[in-house]
Amino acid sequence: MIRNKLRELLSKKFPEEKIIIDYVPKNKKGDYSTNLAFKIASRTGKNPLDVAKNIVQSINDPLIADTIIYPPGFINFIISKEFLLNCLLEPPEINLGTHKKILIEFVSVNPTGPINIVNARAAAIGNSLINVLKKTGFKAEAEYYINDQGRQTKLLAVSIKERINELTGIKPRIPEDGYHGEYLIELARELKALGISDIEKIREYAVNYFINEHKNTLKDFGVEFDNWVRESEIYQQGLVDKVLKILNDKGLTYKKDNALYFRATEFGDTEDRVIITSQGRHTYLLPDIAYHLDKLSRGYDRLINIWGPDHHGYIKRLIGGIRALGYPEEAITVIIVQEVKLKKGGGYVKMSKRAGTSTALDRLLKDIPKDVVRFFFLMRSCSQHLDFDLDLAREESEDNPVYYIQYAYARIRSIIRFAEEKGLKCPPHPELSLINKEEELNLLKSIVRFPEVLEDIVRNLDPYPITYYLIDLARNFHYFYQKHRVVGDDKELSYARLFLVNKASRIIADGLNLIGVSCPERM
RNA sequence: GCGCCUGUAGCUCAACAGGAUAGAGCAACGGAUUUCUAAUCCGUAGGUUGGGGGUUCGAUUCCCUCCAGGCGCGCCA
């Protein structure tokens with residue numbers, strides 16, 4: 001990675017400074033820049049320009065072809081062409097992770113209804129993040145947690161039972177806080193045909209039904225999980241009782257109004273939280289802490305949870321629970337993915353799972369191609385609210401950045417097919433020094449930046465920059481294509497360019513693969 | 001009232017860890033192909049970065065405050 005090489009180079013000279021390497025704006029010369037001179041100047045009271053001159057004089061490395069100082073003190077580096085070309089021949093091994101084990105839990109939709117659009121966004125983000133982590137040397141696993149025990153699945157079963165009654169002509173009386181969605185009618189029909197009417201059996205059947213649905217829908221979306229963990233398993237292992245005992249023994253619980261409270265305020269929460277209700281039921285928090293204890297005991301270096309915006313208030317109490325068990329706060333990172341609002345006909349589509357008006361992922365995928373949905377979800381950072389305009393996504397599917405990128409790939413594949421028809425087969429070590437044109441070098445620089453984008457993603461745990469990078473890479477290819485021919489009379493030059501564009505196509509394929517978008521050979 | 005997120009071009013969004021003349025796409029207008037895919041490319045136009053203050057050599061970025069919007073604040077998950 002060039003950026004890291006520069007950083008290391010400067011760090012050796014200035015070990016006490018925090019070195020920041022930036023890209024250079026288009027209207028300035030150079031490839032990378034540093035603000036190091038400003039930092040030193042402000043600390044020593046010297047003129048940044050003079051400091052910059054001193055820094056430049058003290059640096060000498062084959063990586064750097066030239067340096068330019070811009071007032072008031074920017075130092076810009078021009079990377080040597082030989083070095084850039086060498087990156088094509090020997091792509092750097094990207095290893096940020098040193099094989100650390102990371103567990104990412106995401107989606108974890110309750111088995112009471114379809115996967116909604118916010119869960120789908122989390123699925124796209126989590127899956128892409130895991131792909132990037134794996135690519136950069138981590139051992140990353142995807143986990144899905146199933147709440148198959150609580151009050152919600154009971155309510156679901158009751159709601160279904162009412163729907164079954166409805167099928168036999170009895171007016172359904174679905175509880176007010178039950179599930180009113182019409183998607184349960186189909187399930188009721190199935191259960192009626194099977195003759196299942198016992199409420200516990202209904203629950204079991206329905207839970208399995210939804211888990212299966214979720215698995216299939218997510219598979220269609222290109223998202224698979226390594227582990228599916230059920231809340232009931234956590235109970236069976238006795239972990240819930242164990243957590244309860246630890247909390248009691250540590251004096252971190254107390255009774256009030258006949259309910260049992262966890263002293264969450266001692267761990268940074270705004271109030272103490274009920275863990276056992278006055279009715280004797282566990283609130284979700286207790287098994288949730290137990291579940292995270294289970295995760296921690298499985299030997300991961302880091303846990304990451306991806307949650308929807310409505311859960312942000314639970315971060316403190318969960319981490320509080322984990323801390324109460326003796327784990328450090330840093331053991332878990334919670335990423336909040338902001339909401340998705342569906343737009344249709346100029347207005348927003350209202351969503352509520354219990355009322356059954358949520359827009360489900362499977363229905364969305366019937367409307368909009370998977371590639372477009374996944375790409376759109378990744379075009380915003382997690383913390384951005386996302387407006388998904390259904391009409392626009394359909395109408396503008398022709399004008400989509402996804403197709404812009406895929407088209408660049410298909411074009412390159414076409415060129416390579418054309419070259420092969422002409423009998424040109426690129427040798428493993430073409431004369432790359434023939435690559436000199438501005439458009440060629442821009443494409444080359446764009447290719448070489450790929451690992452740096454991955455590094456940013458890992459640092460921020462947010463995969464969205466990859467979409468912008470791929471658009472930029474595709475653009476650099478399209479510019480190049482417009483100005484220069486790959487296959488021409490000059491055989492050596494053709495080989496060099498074939499090598500370059502082939503490399504670009506491989507990076508595009510890699511990048512799209514990381515975000516679960518397909519990469520067609522022809523368009 | 002408290003907490004989280006957001007406010008940048010007509011629209012949807014970028015700006016990587018505080019950097020340089022704030023960039024793309026869409027929409028509008030004008031152009032480019034007898035040669036490897038026109039789902040492409042070139043050009044024109046479009047901005048008081050919600051308002052105000054502060055820190056800094058430098059703020060879209062950090063801090064304070066106000067305004068506007070979304071979400072959450074249960075002995076539901």
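## Elements facing RNA strand B

In this predicted model, seven elements each supply at least two residues of the surface near RNA strand B: helix H1 (2–13), strand S4 (74–79), helix H6 (151–167), strand S9 (259–262), helix H16 (401–421), helix H18 (450–460) and helix H19 (465–483). If you would like a place to start looking, try H16, which gives the most to this surface, with 8 residues.

What is the make-up of this surface by residue class? The residues near RNA strand B divide into 25 nonpolar, 23 polar and 22 charged.

## Who comes nearest to the RNA

There are 70 residues around RNA strand B, and the ones that come nearest are Tyr314, Glu339, Tyr404, Tyr407 and Ser414. On the RNA side, sugar and phosphate account for 56% of the atoms of strand B that come within 4 Å of the protein.

Some individual contacts are worth finding on your screen. Tyr404 has a polar side-chain atom 2.3 Å from a phosphate oxygen of RNA strand B. Two arginines meet sugar or linking oxygens of the strand instead: for Arg380, an N or O atom of the side chain is 2.7 Å from such an oxygen, and for Arg151, a polar side-chain atom lies 3.4 Å from one.

## A pocket between two domains

Now turn to the second largest pocket, with a volume of about 760 Å³. It is lined by 22 residues, and those closest to its centre are Val24, Lys26, Asn442, Lys445 and Asn476. By class, the lining has 8 nonpolar, 4 polar and 10 charged residues.

Where does this pocket lie with respect to domain 1 and domain 2? Domain 1 (2–79) and domain 2 (401–514) both give residues to the lining, so the pocket lies between them. Helix H17 (438–448) and H19 each supply at least two lining residues, and H17 gives the most, with 6 residues. H19 is also among the elements that supply at least two residues of the surface near RNA strand B.

## A glycine in a loop

One more residue to visit is Gly299, found in the loop between helix H11 (285–297) and strand S11 (302–307). Is Gly299 buried, partly exposed or exposed? Its relative accessible area is 43%, so Gly299 counts as partly exposed, a class that runs between 20% and 50%.

Gly299 and Leu103 are 196 residues apart along the chain, and their C-alpha atoms are separated by 9.7 Å.

Key: Residues are numbered from 1 along each chain as its sequence is written. Chains are lettered from A and ligands numbered from 1 in the order in which they are written. This is a predicted model: local features need pLDDT of at least 70, side-chain atom pairs count only at pLDDT 80 or more; totals for chains, interfaces and linings use all residues. Side-chain values use heavy atoms; hydrogens and water are left out. A residue is near a molecule or strand if one of its heavy atoms lies within 4 Å of it. A polar contact is a pair of N or O atoms within 3.5 Å; within protein, one must be able to donate a hydrogen and the other to accept it, and residues adjacent in sequence count only if both atoms are side-chain atoms. Helices (H or I, at least four residues) and strands (E, at least two) are DSSP runs, numbered from the N terminus. Ala, Val, Leu, Ile, Met, Phe, Trp, Tyr, Cys and Pro count as nonpolar, Asp, Glu, Lys and Arg as charged, and the others, Gly among them, as polar. Buried means under 20% relative accessible area, exposed over 50%, partly exposed in between (1.4 Å probe, protein chains only). On a 1 Å grid over the protein atoms alone, a cavity is a set of points where a 1.4 Å probe fits but cannot get out, and a pocket is an open set with protein on both sides within 12 Å along at least five of seven lines; lining residues have an atom within 4 Å of a point. Grid points are joined across faces, edges and corners, and a volume is the space filled by probe spheres set on the points. Domain bounds come from an automatic or database domain assignment.
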